[in-house]
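Trainee: I keep running into labels like "buried", "paired" and "core" when I look at protein models. Could we go through one together and ask what earns each label?

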Amino acid sequence: MGDTRWGGFGYRQLHTQFTAELPVPNAIHFYEPRDGHRLPHDPFNAIVGPRPIGWISSRSAAGALNLAPYSFFNAFNYTPPIVGFASVGHKDTVHNIEQTGEFAWNLVTRPLAEAMNQTSAAVPPEVSEFALAGLTPVASRLIAVPRVLESPVSFECRCTQIVQLQAASGDKLPTWLVLGEVVAVHIDQALLKDGVYDTAAAGHVLRGGGAADYFTIGPEQLFRMRRPA
Ligand SMILES: Cc1cc2nc3c(=O)[nH]c(=O)nc-3n(C[C@H](O)[C@H](O)[C@H](O)COP(=O)(O)O)c2cc1C
């Protein structure tokens, strides 16, 4: 891998060909996060992005419905499929999953972006974000938590682990990583082209950085590259 900090020259090239006249390195903004980033916005979220959004529905033991977006979200295993998200703070979603062991993941597409945003409102646990955002809870097949009818793809998940994160010092952080096995999948058949899931046609919404940046993707962003044999 070339070290782009050095104007694109690879490390080996640098030391075999340019020992006499070293290129001037690009200016680097360096910081240690514990001392602050010294920028108008923390770049971390913009760099590790755009990220898929975990739009997580859950239900309390008493039956109250909950729906909230989590962009610290990703897939972690193929067989069985496992997804996970991190709650910064012990939020209602984590509390519900601790109680019931179940959650559903719902895909956010461009027409659903504003509704997704509304479901991030800080409301008391007894207020359903489904109602708040005008969304329809529809019964899942294997779990007691409903999925979002308006979303074209949903996963029914059973919680496998809830891990409280810790810093390199070993200090516990107020952040919980919730992992769940995907036990059932719902896909709108319109997104299956000759049986292949069409990511670009689905119009996934992805979270960027800053206070308000999102991205969506279309066929223009697609390129293909096979792994080396
Ligand atoms: C696009 C988006 C992504 C978010 N990602 C996260 C996240 O990864 N972790 C987190 O703790 N909160 C995240 N939030 C904030 C939560 O959605 C918000 O705190 C919500 O009220 C939590 O709901 P709950 O208490 O019902 O679980 C995000 C909000 C938005 C709009």
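Mentor: Sure, and let's start with pairing: two strands pair if DSSP finds at least two bridges between them. Keep in mind that this model is predicted. With that rule in hand, there is an open sheet of three strands, in the order E1-E13-E14, and its pairing is antiparallel.

Trainee: Why do E1 and E14 count as standing at the edges?

Mentor: Strand E1 (51–52) and strand E14 (214–216) each have a single partner strand, so one side of each has no neighbour in the sheet.

Trainee: How do you know that E13 and E14 are joined as a pair?

Mentor: Count the bridges. Strand E13 (residues 205–207) and E14 have three bridges between them and run antiparallel, while a pair needs at least two bridges. To find the spot in the model, look for Val205, which sits opposite Thr216 in E14.

Trainee: What makes E2 a largely enclosed strand?

Mentor: Six of its six residues are buried, so E2 is largely enclosed by the rest of the structure. The side chains of a regular strand alternate between the two faces of the sheet. Here Gly54, Ile56 and Ser58 point one way from E2, Trp55, Ser57 and Arg59 point the other way, and all are buried.

Trainee: Which strands does E2 pair with?

Mentor: E2 is joined to E3 by six bridges, running antiparallel, and to E6 by three bridges, again in the antiparallel sense. In the first pair, Arg59 is opposite Leu65 in E3; in the second, Ser57 is opposite Ala104 in E6. E2 and E3 also form a hairpin with five residues between them, and Gly63 in that turn has a positive phi of about 105°.

Trainee: Why is Ser58 called buried?

Mentor: Ser58 has 28 other C-beta atoms within 10 Å, and the label asks for 20 or more, so Ser58 is buried. Beyond its neighbours within four places in sequence, Ser58 touches Asn66, Thr93, Asn96, Ile97, Phe103 and Val145.

Trainee: And what makes Arg38 exposed?

Mentor: Arg38 has 8 C-beta neighbours inside 10 Å; exposed means 12 or fewer, so that label fits. Arg38 lies in the loop between helix H1 (11–17) and H2. It also has a positive phi of about 60° although it is not a glycine.

Trainee: How do you know that Asp194 is exposed?

Mentor: By the same kind of check: 5 other C-beta atoms lie within 10 Å of Asp194, and the limit is 12 or fewer, so Asp194 counts as exposed. You'll find Asp194 in the loop between strand E11 (192–193) and strand E12 (196–197), with a positive phi near 55°.

Trainee: What makes the peptide bond between Gly49 and Pro50 stand out?

Mentor: That bond is cis, with omega about 0°. Pro50 is in the loop between helix H2 (44–47) and E1. There is also a cis bond from Thr79 to Pro80, with omega near -5°, and Pro80 belongs to the loop between strand E4 (73–77) and E5.

Trainee: Which residues of the largest nonpolar core touch the most other members?

Mentor: This core has 28 residues, and Trp55, Ile56, Ala104, Trp105 and Val108 touch the most other members. Elements giving two or more residues to the core include E2, E3, H3 and E6. As for Val108, its contacts more than four places away in sequence are Ile53, Trp55, Pro69, Ala113, Met116 and Val205.

Trainee: Which residues are closest to the ligand?

Mentor: Of the 18 residues surrounding the ligand, the closest are Ala68, Phe72, Lys91, Asp92 and Thr93. Strand E3 (65–70), strand E5 (82–88) and helix H3 (92–100) are the elements that give two or more residues to that shell. E3 gives the most, with four residues. By class, the shell has eight nonpolar, seven polar and three charged residues.

Trainee: Which residues of H3 are buried?

Mentor: Asp92, Thr93, Val94, Asn96 and Ile97. Their cover includes E3, E5 and strand E9 (153–166). Just after H3 comes Gly101, with a positive phi near 75°.

Note on methods
Residues are numbered from 1 along each chain as its sequence is written. This is a predicted model: local features need pLDDT of at least 70, side-chain atom pairs count only at pLDDT 80 or more; totals for chains, interfaces and linings use all residues. A residue is near a molecule or strand if its C-beta atom, placed from the backbone, lies within 6 Å of it. Ala, Val, Leu, Ile, Met, Phe, Trp, Tyr, Cys and Pro count as nonpolar, Asp, Glu, Lys and Arg as charged, and the others, Gly among them, as polar. Two residues are in contact if their C-beta atoms, placed from the backbone, lie within 7 Å. A nonpolar core is a set of buried Ala, Val, Leu, Ile, Met, Phe, Trp, Tyr and Cys residues joined through C-beta atoms within 7 Å.
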